Amino acid sequence: MNLNASPRDRGAAEWHVSGLTVGQVAERMGIARSAVRWYADQGLLPCERTSDNQRRFFADVLCRVAMIRAAQRVGLTLEEIRVALAALPPGRPPASEDWNRLAERLRTVIVERVDQLLKLLDEFEPNPA
């Protein structure tokens with residue numbers, strides 16, 4: 001397996017692996033280990049603990065990280081991301097309906113933000129003298 005390939009370039013089955021460690025999630029998603037831990041501490045990435053107190057993530061972890069990253073790019077707050085992820089079925093990869101619901105939410109947020117920015121631009125238009 002080529003761990004340097006993006007998750008999207010790998011097969012779907014490799015997106016849905018249970019028992020990944022913090023380091024494995026970080027490497028597969030190209031993010032810092034501290035980000036994985038922080039997402040988990042914020043309740044965005046459910047996990048179980050081993051007898052050695054190490055985190056092991058469920059099969060939906062890579063999809064959840066991808067959703068978190070997309071939501072962050074459009075400016076959703078932590079609470080908005082938490083609400084969006086809470087609508088997902090726990091511990092299993094999201095179905096296409098789940099992705100569609102999140103995509104629609106992100107589209108709505110993007111349109112609202114663009115509208116707000118356009119209004120702000122209008123406020124900075126010079127007044128004709």
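Arg 82 counts as partly exposed, because its relative accessibility is 26%, a value that falls between the 20% limit for buried residues and the 50% limit for exposed ones. Keep in mind as you look at it that this is a predicted model. The side chain of Arg 82 has a partner in Glu 79: the two meet in a salt bridge, with N and O 2.8 Å apart. Why do Arg 82 and Glu 79 sit about one helical turn from each other? Both belong to helix α4, which spans residues 78-86, and they are 3 residues apart there, so about one helical turn separates them. Glu 79 is also partly exposed, because its relative accessibility comes to 45%.

Stay with helix α4 for a moment and find Glu 80. This residue is partly exposed because its relative accessible area is 26%. Glu 80 forms a salt bridge with Arg 105, and their closest N and O atoms are 3.5 Å apart. Here the pair links distant parts of the chain, since Glu 80 lies in helix α4 and Arg 105 in helix α5, 25 residues apart. Arg 105 has a relative accessibility of 33%, so it counts as partly exposed.

Now follow helix α5, which covers residues 96-123. Within this helix, Arg 107 and Glu 104 bring their side chains together in another salt bridge, at 3.0 Å from N to O. Their spacing is easy to follow: they are 3 residues apart in α5, which means that about one helical turn lies between them. Arg 107 is partly exposed because its relative accessible area is 48%, and Glu 104 is partly exposed because its relative accessibility is 42%. The pairs visited so far are part of a wider set, as the whole structure holds 6 salt bridges.

Charged pairs are one side of the story; a nonpolar patch is another. On the surface, Ile 110, Val 114, Leu 118 and Leu 121 form such a patch, and together they have about 350 Å² of accessible area. Take Leu 121, which lies in helix α5. Is Leu 121 buried or exposed? Its relative accessibility is 54%, so Leu 121 counts as exposed.

For a contrast, turn back to helix α1, residues 22-29. This helix is mostly covered, with 6 of its 8 residues buried. The buried ones are Val 22, Gly 23, Val 25, Ala 26, Arg 28 and Met 29. What covers them? The cover over the buried residues of α1 includes helix α2 (33-41), strand β2 (55-57) and helix α3 (61-73). After α1 comes Gly 30, which has a positive phi, near 70 degrees.

With these places in mind, step back and take in the whole chain. It has 5 helices and 2 strands, and reading along the sequence gives the pattern α-α-β-β-α-α-α. Of its 129 residues, 32% count as buried. The accessible surface of the chain comes to about 8,200 Å², and carbon and sulfur atoms account for 53% of that area. Contacts across the sequence complete the picture: among those between residues at least 6 apart, 56% join residues at least 24 apart. The salt bridge between Arg 105 and Glu 80, described earlier, links residues 25 apart.

Methods
Residues are numbered from 1 along each chain as its sequence is written. This is a predicted model: local features need pLDDT of at least 70, side-chain atom pairs count only at pLDDT 80 or more; totals for chains, interfaces and linings use all residues. Side-chain values use heavy atoms; hydrogens and water are left out. Patches are made of residues with over 30% relative accessible area and no salt bridge: like charges are joined within 9 Å, nonpolar side chains (Val, Leu, Ile, Met, Phe, Trp, Tyr) within 5 Å. Accessible areas come from the Shrake-Rupley method with a 1.4 Å probe; for residues, only the protein chains shown count as cover. A salt bridge is a side-chain nitrogen of Lys or Arg within 4 Å of a carboxyl oxygen of Asp or Glu. Helices (H or I, at least four residues) and strands (E, at least two) are DSSP runs, numbered from the N terminus. Buried means under 20% relative accessible area, exposed over 50%, partly exposed in between (1.4 Å probe, protein chains only). Contact means heavy atoms within 4.5 Å.
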